[in-house]
Amino acid sequence: MVITDIIEKKKNGLKLTKEEIEFFINGYVDGSVADYQASALLMAICIRGMDRDETVDLTLAMRDSGDKVDLSAIDGIRVDKHSTGGVGDDTSFLVAPLVAACGCKVAKMSGRGLGFTGGTLDKLESIPGFSVNLDQNAFVDTVSKFGLSIIGQSKDIVPADKKLYALRDVTATVESLPLIASSIMSKKLAMGCDAIVLDVKTGNGALMKNLKDSIKLADIMVGIGRMAGVKTSAVVTDMNQPLGNCIGNSLAVKESIEILRDNIECDIKTVSMTLAAKILLLSGICDNNSEAMEMLEDKFYSGKALVKLAQMIEAQGGNADIVDDLSLLPQAAEVIDVRADDEGYISEIRTSEVGMAACMLGAGRMKKEDTIDPSVGIVLKKRLGDFVKKGEVLAEFHVNDKKNLEDAEKRFKAAYSVSEQQPDELPLIYTIIDE
Ligand code: URA
C-alpha cells in the first residue's frame, strides 16, 4: 500500500477500506507516514467526510494503536462518562459519586483544561494532596474498593490520537465530525468499560455550536460505541451559558460539594441526574428512568454520594476533610464584585468569553505548558433570563494576581447582552440518543 494512493482516494471522495485506514494509523504512529502526508489526508477527510464504517474503522485503529486499560479485576458493571467540554461544566464530581453509590464501578480517565474549557484533572488537583497519577494497579484497586476513581490519561493509551490531535490543532482540521468522534471514542473504548454515557454540549460555549451538528456528533459516537460492543448513550445538553455558577478549579470543587451536601436544585444537578440515570439504565441497575431518578435522589438525601466522593479523595491522597470544611480548599486573596453597566434581562452570555476571562485571572491555560492558579476564578451571580439593574453585582472575581484584572473584567462584561424583553428559556436537555 502507498499512502499517496490513500490520500488521492479520499481527495476524490471515495470510501477508504479498513486496511487502508489501519495502514495510515499504524504508519503515522511508527513514523513511516510523515506529518505532511497525514495533514493532507486529514484535510481530505475534513472536506470529503467519512461514512459510518470508515469512522468506526478509524476509531478502532486508533484504539488499537497503544495500550488498553485492563479492568477485568473489577467486579460489577464498569462505567465511564465523558463530556465534550464546556464552561463551569463539573458534572463528573456529581455523576461519579452518585452512580458509585448505586453500585456502578466508575473507571475514568480525564483531561486538563485548555483555552476557555476547564479540565477535571485541574479541578481535582486543587484538592490538597489529591493525586491524579495512580498507576494501573492502584487505579483498579480504588475502583474495586470504593466504586470510583478519576485519573489522568496514560501516555501509552491511544498514541495515535496524541499525534493526530496535535497535528489537527495546527492544520485547521479539528472541526470534522468523523475526526472528533474517532478521537473521543478511541480513548473511551481503550478504557475497556461496559457502558459509556456521553454528554455532548451544544451552544456558544461548546465545541459544536449548533444543535444539528451536536446531534450528529452524538449519533456518530453512539453508533461507534454500539459497533464496538459497548453500551453507549448520549445526552445533548445546553452550553449557551456556563452550566454551573463557578468557573475555576477549587471554586468548581466547592460548588459540587455544596450541591451534594445540601442537595441544591440547579442546572448542574439536573444534567448530572440525567447522565447518572442513563448510566443506571445502561448498567441494568434500574429498569426505567423514574426508578433511576428515585434511587439517585436517595443518594443525594442520604449523603451517600458525598461519602463516595470523600472516599475517592482519601484513596487518591487528598484531604477528605474538605467535604465538611470547604475553607480547607485553596482560597484567593481577594474577592472583587463585577457590576453591570446596563439594565435589562440577560439575553445572551457568550460563554467561551466568560471562560476566557476566568483564564485571564489564572484559572486556565492559554498554552499546554502554562501553570494555573487553583484558587482563582469567577462566581456568577446572574444567569440567562435574570433581570439585572445597573450597578448590580453580575459576578465575583476571585483573584490573586491583578495584572490582567482590568482586561478580564472588560472581556467578561463584553460577553453579556441585555434586552428589555425577557428572552425565551433555552432547554437544558435537548435530546437523548440511545443505543
Ligand atoms: N475532544 C477530543 O478528545 N478530541 C477532539 O477531536 C475534540 C474534542
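**Note on the ligand site, sheet and salt bridges**

1. In the ligand site, Ser 183 places a polar side-chain atom 2.6 Å from a nitrogen atom of the ligand. The model is a predicted one, and the distances below should be read accordingly. Two further polar approaches involve oxygen atoms of the ligand: a polar side-chain atom of Lys 187 lies 2.5 Å from one such oxygen, and an N or O atom in the side chain of Arg 168 is 2.9 Å from an oxygen atom of the ligand. Taken alone, the ligand exposes 240 Å², and the protein buries 84% of that area.

2. The surroundings of the ligand consist of Tyr 165, Arg 168, Ile 180, Ser 183, Ile 184, Lys 187 and Leu 207. By character, this shell divides into four nonpolar residues, one polar residue and two charged residues. Two or more shell residues come from each of α8 (159–170) and α9 (177–190). Which element gives the most to the shell? That element is α9, with four residues.

3. An open sheet is formed by three strands in the order β10-β8-β12, with antiparallel pairing. Its edge strands are β10 (387–388) and β12 (416–419), each of which pairs on one side only. Strand β8 (residues 344–349) is joined to β10 by two bridges, and these two strands run antiparallel. In the register between them, Gly 344 stands opposite Val 388 of β10.

4. How many salt bridges does a search of the whole structure find? The search returns 35. In general, side chains of opposite charge can pair when their charged atoms come close. Three of these pairs are discussed individually in the points that follow, together with one network.

5. Lys 15 and Asp 53 meet through their side chains in a salt bridge, at 2.9 Å from N to O. This pair links distant parts of the chain, 38 residues apart: Lys 15 is in the loop between α1 (3–11) and α2 (18–30), and Asp 53 is in helix α4 (residues 52–63). Are the two partners buried or exposed? Lys 15 counts as partly exposed because its relative accessibility is 41%. Asp 53, at 38% relative accessibility, likewise counts as partly exposed.

6. A salt bridge also connects Asp 89 with Lys 201, whose closest N and O atoms are 3.3 Å apart. Distant parts of the chain are again linked, here 112 residues apart: Asp 89 belongs to the loop between β1 (78–83) and α5 (92–101), whereas Lys 201 belongs to strand β4 (residues 195–202). Asp 89 has a relative accessible area of 11% and is therefore buried. Lys 201 is buried as well, since its relative accessible area is 0%. The cut-off behind both assignments is a relative accessible area under 20%.

7. Within helix α16 (residues 405–414), Glu 409 and Lys 413 are four residues apart, so about one helical turn separates them. An α-helix has 3.6 residues a turn, which means that residues three or four places apart point the same way. Glu 409 and Lys 413 form a salt bridge, with their closest N and O atoms 3.7 Å apart. Glu 409 is partly exposed, with a relative accessible area of 22%. Lys 413 is also partly exposed, at 24% relative accessibility. Elsewhere, Arg 112, Asp 122, Glu 125 and Arg 365 are joined into one network by salt bridges that share partners.

8. Helix α5 deserves a separate remark. Because 10 of its 10 residues are buried, α5 is largely enclosed by the rest of the structure. Its buried residues include Phe 93, Leu 94, Val 95, Leu 98 and Val 99; Ser 92 and Pro 97 are also among them. Just after α5, Gly 103 adopts a positive phi of about 110°.

9. A last point concerns the start of the chain. Val 2 is located in the segment before α1. With a relative accessible area of 42%, Val 2 is partly exposed. Between Val 2 and Leu 60, the sequence separation is 58 residues and the C-alpha to C-alpha distance is 21 Å.

Technical notes: Residues numbered from 1 in each chain as written. Predicted model: local features only at pLDDT ≥ 70, side-chain atom pairs only at ≥ 80, totals over all residues. Heavy atoms only, no water. Near = heavy atom within 4 Å. Polar contact = N/O pair within 3.5 Å; in protein donor to acceptor, adjacent residues only side chain to side chain. Areas by Shrake-Rupley, 256 points an atom, 1.4 Å probe, with all protein chains shown as cover. Nonpolar A, V, L, I, M, F, W, Y, C, P; charged D, E, K, R; others polar. Pairing = 2+ DSSP bridges. Salt bridge = Lys/Arg side-chain N within 4 Å of Asp/Glu carboxyl O. Buried < 20%, exposed > 50% of the residue type's maximum accessible area, 1.4 Å probe, protein only.
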